[in-house]
Structure formats: C-alpha cells, structure tokens
Amino acid sequence: MILQLKQIFEGQKQLLDFDAEISLETLAELEPYDSFAAPVAAKGSVKVRAGVVTLDMTVTASLEQICDRCTKAFVREYRFEVSHTLVTALDNEDDEGYEYDDYVVCPDKTLDVSELALTDMKLGLPTKILCKEDCKGLCPVCGKDLNEGACEHSESL
Ligand SMILES: [Zn+2]
Ligand SMILES: [Zn+2]
C-alpha cells in the first residue's frame, strides 16, 4: 500500500490514517523464506507535530515456525509497535553518531507502508525460535521429544 504524503509534507494535512493488509500471495513473493499463517496487517497513522512528520503503526504477523530445539512446527503471532520520522531528504548524512535507523526518506512524498512494515517485522523477529521458553528439545541419542517425557538416556544428560 502506497501512502500519498504530498499534503502531509506540504502542510495541508496534519493526519493520515492507514490500514494496510499484505496478502498471502504478496508475502509469498516478497518473503519466500518465511511461512505466514495469515496476512500481515499494518495499521496506524502519519501525524505532523511542530513540523515533524511521524509515522506510528502496529504490525501484526502470524508465522508458521519450527522450534530450533525440538523441531516442532507451531504458529505464533507477533505484534510490533513501531515509530518512524519521515523526511523527504537527509541533510546531514555524514554526521557521525547520528541515529538514522528511525528515519525513513520519502524523496517523492510517497511511502510504501507494506514494505516498511515487512522490514520492521524482520528486524523485530527473534533470531532464536523456540516453541516455548523452556523447551527441553530432543534427545541427542534417540531423538525423543523430551517435552513429552524422559527417555532412557535423559539421566546421563
Ligand atoms: Zn520446542
Ligand atoms: Zn534418548
């Protein structure tokens, strides 16, 4: 979903609400390595305050994942609250130590909010995937799922 921000940047509008949904077909194209259980939703608003354009949104994604420890497949819903400052250009790009991560540059005064939502989602996902915090994993000897009970090798582990 492309947001038209011309009126926002030019001061004719102070608020723009949006509610974007990224379909499963689009997700399969853009993120072929992830498996989504439902469309990704990006809902939020662009606001102007004291001349600063801010985007706040909630990104909701439901992913089918595989536990790193016990290899069980499960579906988990993630919800991220993100904020960005929108600018049409960065003036001091060489300034050292300046935090640009939160900045999104919109040179043509439009913004692909679906693309931004997916980028934010990827940054927010955990690197280690566990079906539950204390997953016991599989027995390295017989491969039994130790969440379901001990096996004869558990004692010596
Ligand atoms: Zn597990
Ligand atoms: Zn075992």
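## Salt bridges, a zinc site and a strand contact

The structure holds five salt bridges. The model is a predicted one, and the values below were computed from its atoms. This report takes up some of those salt bridges, then the zinc site, and finally the surroundings of one serine.

**Salt bridges**

Three of the pairs are set out here with the distance between their closest nitrogen and oxygen atoms.

| Lysine | Glutamate | N to O distance |
|---|---|---|
| Lys6 | Glu10 | 3.3 Å |
| Lys109 | Glu10 | 3.2 Å |
| Lys122 | Glu31 | 3.2 Å |

Glu10 appears in two rows, as the partner of Lys6 and of Lys109. The pair of Glu10 and Lys109 connects distant parts of the chain: Glu10 belongs to the loop between α1 (6-9) and β2 (15-22), while Lys109 belongs to the loop between β7 (103-105) and β8 (110-112), with 99 residues separating them. Through these contacts Lys6, Glu10 and Lys109 form a network of salt bridges. Glu10 has a relative accessible area of 37% and is therefore partly exposed. Lys109, with a relative accessibility of 26%, is likewise classed as partly exposed.

The salt bridge between Lys122 and Glu31 has its closest N and O atoms 3.2 Å apart. This pair, too, joins distant parts of the chain, for Lys122 sits in helix α3 (residues 113-124) and Glu31 in the loop between α2 (24-30) and β3 (35-36), 91 residues apart. How accessible are the two partners, Lys122 and Glu31? Lys122 is partly exposed because its relative accessible area is 46%. Glu31, by contrast, is buried because its relative accessible area is 10%.

**The zinc site**

Which residues supply the protein donors of the zinc ion (ligand 1)? They are Cys67, Cys70, Cys131 and Cys135, each through its SG atom, at 2.3 Å from the ion. Why is the arrangement around the zinc ion (ligand 1) tetrahedral? The four donor atoms subtend angles of 106 to 113°, and the arrangement is therefore tetrahedral, since four donors count as such if all angles lie between 85 and 135 degrees. For comparison, the ideal angle for four tetrahedral donors is 109.5 degrees.

Along the sequence, the spacing of the donor residues is C-x2-C-x60-C-x3-C. The site thereby brings together distant parts of the chain: Cys67 lies in the loop between β5 (52-66) and β6 (73-87), and Cys131 in the segment after α3, 64 residues away. Both Cys67 and Cys131 are buried. Cys135 has a relative accessible area of 5%, so this donor is buried as well.

A further cysteine, Cys139, has a relative accessibility of 3% and therefore counts as buried. How many disulfides are there? The count comes to zero, because a disulfide requires a pair of cysteine sulfur atoms within 2.5 Å.

**The surroundings of Ser35**

Ser35 is located in strand β3. Its relative accessibility is 32%, so Ser35 is partly exposed. When neighbours within four places in sequence are left aside, Ser35 is in contact with Ser62, Leu63 and Glu64. Ser35 and Leu63 are 28 residues apart in sequence, and their C-alpha atoms are 5.8 Å apart in space.

Notes. Residues numbered from 1 in each chain as written. Chains lettered and ligands numbered in written order. Predicted model: local features only at pLDDT ≥ 70, side-chain atom pairs only at ≥ 80, totals over all residues. Heavy atoms only, no water. Salt bridge = Lys/Arg side-chain N within 4 Å of Asp/Glu carboxyl O. Buried < 20%, exposed > 50% of the residue type's maximum accessible area, 1.4 Å probe, protein only. Helix = DSSP H or I, 4+ residues; strand = E, 2+ residues; numbered from the N terminus. Donors = N, O, S within 2.8 Å, 3.2 Å for Na, K, Ca; no water. Tetrahedral: all angles 85-135°; square planar, octahedral: opposite > 155°, others 65-115°. Contact = heavy atoms within 4.5 Å.
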